[in-house]
Amino acid sequence: MSIEEVIDKRAIMELQVRYSMALDTGSYEELDHIFTVDVIADYEHAGQHKGIETIKEACQVALDPLTSSQHQNGNHWAVVDGEYATAGCYFTVHQYLENEPGGEHFSMGGRYEDELIRTEEGWRITKRKLVLLWSEGNSGVRFNR
């Protein structure tokens with residue numbers, strides 16, 4: 001593996017981590033530095049969203065009502081082919097909503113599958129697919145709003 005490929009893979013992994021941090025801190029403007037303007041995100045149970053502004057709005061609507069959320073990523077992978085890449089990682093997200101009837105916790109796990117392009121500003125995600133593998137807890141924490 002060349003040093004350039006190591007640098008590219010690390011940069012892509014950083015995007016995936018920055019995405020999770022942006023969501024958990026409510027820093028949705030940070031998503032402008034992670035996605036392309038015309039990004040397509042398929043969040044499975046939460047629908048498909050086209051364009052960065054739509055994605056920022058969807059994330060805000062889903063996460064702002066929560067008391068807290070914590071996204072954790074692992075097992076990152078990336079295949080770089082010139083100016084394009086496919087990548088992904090596994091995730092676990094814990095969501096907490098204080099005083100929610102039926103329980104205050106909801107957790108999900110799965111993987112993100114990404115397509116990326118190298119831009120003048122660095123790597124950006126052009127497509128993101130969430131593949132949900134499991135969930136547990138009170139889904140009302142996340143889905144009954």
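**Helix α1 and its packing**

I began with the buried residues of α1, which in this predicted model pack against β1 (35-42), α2 (52-63), β3, β4 (84-96), β5 (105-119) and β6 (122-137). I listed these buried residues as D8, I12, L15, Q16, Y19, S20, A22 and L23. I noted beside the list that an α-helix has 3.6 residues a turn, so residues three or four places apart point the same way.

I then checked the length of the helix: at 1.5 Å a residue, the 23 residues of α1 should span 33 Å, and because the end C-alpha atoms are 32 Å apart, the two values agree. Looking just past the helix, I found that α1 is followed by G26, whose phi is positive, near 70°.

**Two residues of α1, I3 and R18**

I looked up I3, which is placed in helix α1, and entered it as exposed because its relative accessibility is 55%, where the cut-off for exposed is over 50%. I also recorded that I3 joins M1, V6 and I7 in a nonpolar patch on the surface, and that together they have about 440 Å² of accessible area.

I next turned to R18, also a residue of helix α1 (residues 3-25), and wrote it down as partly exposed, since its relative accessibility is 29%. Leaving aside residues up to four places away in sequence, I found R18 touching E30, H33 and I34. For T126, which is 108 residues from R18 along the chain, I noted a separation of 15 Å between the C-alpha atoms of the two residues.

**H71 in strand β3**

I located H71 in strand β3 (residues 68-81) and asked myself whether H71 is buried or exposed. I settled on buried, because the relative accessibility of H71 is 13% and the cut-off for buried is under 20%. I found a polar contact of 2.7 Å between the side chains of H71 and D24. With residues up to four places away in sequence left out, I listed the residues that H71 touches as S20, L23, D24, L63, T92, V93 and Y112; of these, S20 and L23 are also among the buried residues of α1.

**Positive phi at N75 and N99**

I came back to strand β3 for N75, where phi is near 50°, a positive value in a residue other than glycine. I marked N75 as exposed because its relative accessibility is 59%.

My last entry is N99, in the loop between β4 and β5, which has a positive phi of about 65° although it is not a glycine. I recorded N99 as exposed, with a relative accessible area of 62%.

Terms used: Residues are numbered from 1 along each chain as its sequence is written. This is a predicted model: local features need pLDDT of at least 70, side-chain atom pairs count only at pLDDT 80 or more; totals for chains, interfaces and linings use all residues. Side-chain values use heavy atoms; hydrogens and water are left out. Helices (H or I, at least four residues) and strands (E, at least two) are DSSP runs, numbered from the N terminus. Buried means under 20% relative accessible area, exposed over 50%, partly exposed in between (1.4 Å probe, protein chains only). A polar contact is a pair of N or O atoms within 3.5 Å; within protein, one must be able to donate a hydrogen and the other to accept it, and residues adjacent in sequence count only if both atoms are side-chain atoms. Contact means heavy atoms within 4.5 Å. The expected span of a helix is 1.5 Å times one less than its number of residues. Patches are made of residues with over 30% relative accessible area and no salt bridge: like charges are joined within 9 Å, nonpolar side chains (Val, Leu, Ile, Met, Phe, Trp, Tyr) within 5 Å. Accessible areas come from the Shrake-Rupley method with a 1.4 Å probe; for residues, only the protein chains shown count as cover. A salt bridge is a side-chain nitrogen of Lys or Arg within 4 Å of a carboxyl oxygen of Asp or Glu.
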